[in-house]
Amino acid sequence: TEGNKQLVRRYYEEIVNGARIDALPDFLSPDYVEIHNNKRYAIGIEGAAKHILGGHETYRGLQITVERQIAEDEWVVTKIIARGTHVGSWLGIRPTGKHVGFTCVNVDRVVGGRIVEHGGAANMLEPLLEIGAVQVVGD
């Protein structure tokens with residue numbers, strides 16, 4: 001489990017932060033799957049590359065900080081904080097140029113030294129408030 005935690009940490013800190021899509025085959029299985037809203041999407045390495053590059057296009061200076069990790073068998077749970085400047089269209093919201101940060105809890109499955117599955121949850125209310133897309137009503 002310690003090796004799995006290190007692999008996932010390096011994936012976020014080195015590969016995602018640096019947009020090093022050339023190194024994705026060292027970290028992800030060719031059969032890589034992402035899970036959103038309880039649906040499985042077999043996006044493979046190519047889909048993961050698009051996801052990472054899209055994140056950097058939307059959030060200039062995107063940086064992920066690993067806050068905490070817990071691992072059991074094939075599973076690694078990682079709490080991260082993602083930060084960047086909103087410079088690209090996001091959820092139909094025009095770029096605001098504002099710096100945002102939000103927390104996520106990611107669940108990755110590691111088999112044979114590669115990440116085969118990724119899912120999790122992000123607190124999207126934080127950046128929506130920061131860019132002014134959502135406003136608190138009342139006091």
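Q: What makes a residue count as being in contact with asparagine 17, leaving aside its neighbours within four places in sequence?
A: Contact means that heavy atoms lie within 4.5 Å. With those neighbours left aside, asparagine 17 is in contact with Tyr12, His56, Leu62, Gln63 and Ile64. This is a predicted model, where local features need pLDDT of at least 70 and side-chain atom pairs count only at pLDDT 80 or more, while totals for chains, interfaces and linings use all residues. Residues are numbered from 1 along each chain as its sequence is written, and side-chain values use heavy atoms, with hydrogens and water left out.

Q: Why does asparagine 17 count as buried or exposed?
A: Buried means under 20% relative accessible area, exposed over 50%, and partly exposed in between (1.4 Å probe, protein chains only). Asparagine 17 has 10% relative accessibility, so it counts as buried. Its place is in helix α1, residues 2–18; a helix here is a DSSP run of H or I with at least four residues, a strand is a run of E with at least two, and both are numbered from the N terminus.

Q: Why is the link between the side chains of asparagine 17 and glutamine 63 called a polar contact?
A: A polar contact is a pair of N or O atoms within 3.5 Å; within protein, one must be able to donate a hydrogen and the other to accept it, and residues adjacent in sequence count only if both atoms are side-chain atoms. The two side chains are joined at 3.4 Å, so the pair falls within that limit. The side chain of asparagine 17 also reaches the backbone nitrogen of isoleucine 64, at 2.5 Å.

Q: How do you know that strands β3 and β4 pair?
A: Two strands pair if DSSP finds at least two bridges between them. Strand β3 (residues 59–72) and strand β4 (residues 75–86) are joined by 11 bridges and run antiparallel, so the requirement is met.

Q: What makes β2 and β3 edge strands in the sheet?
A: The open sheet has 6 strands in the order β2-β1-β6-β5-β4-β3, with mixed pairing. β2 (39–42) and β3 each have a single partner strand, so one side of each is left without a neighbour in the sheet.

Q: What is notable about phi of aspartate 73, and why is this residue called buried or exposed?
A: Phi of aspartate 73 is near 50°, a positive value in a residue other than glycine. Aspartate 73 is found in the loop between β3 and β4, and its 57% relative accessibility is over the cut-off, so it counts as exposed.
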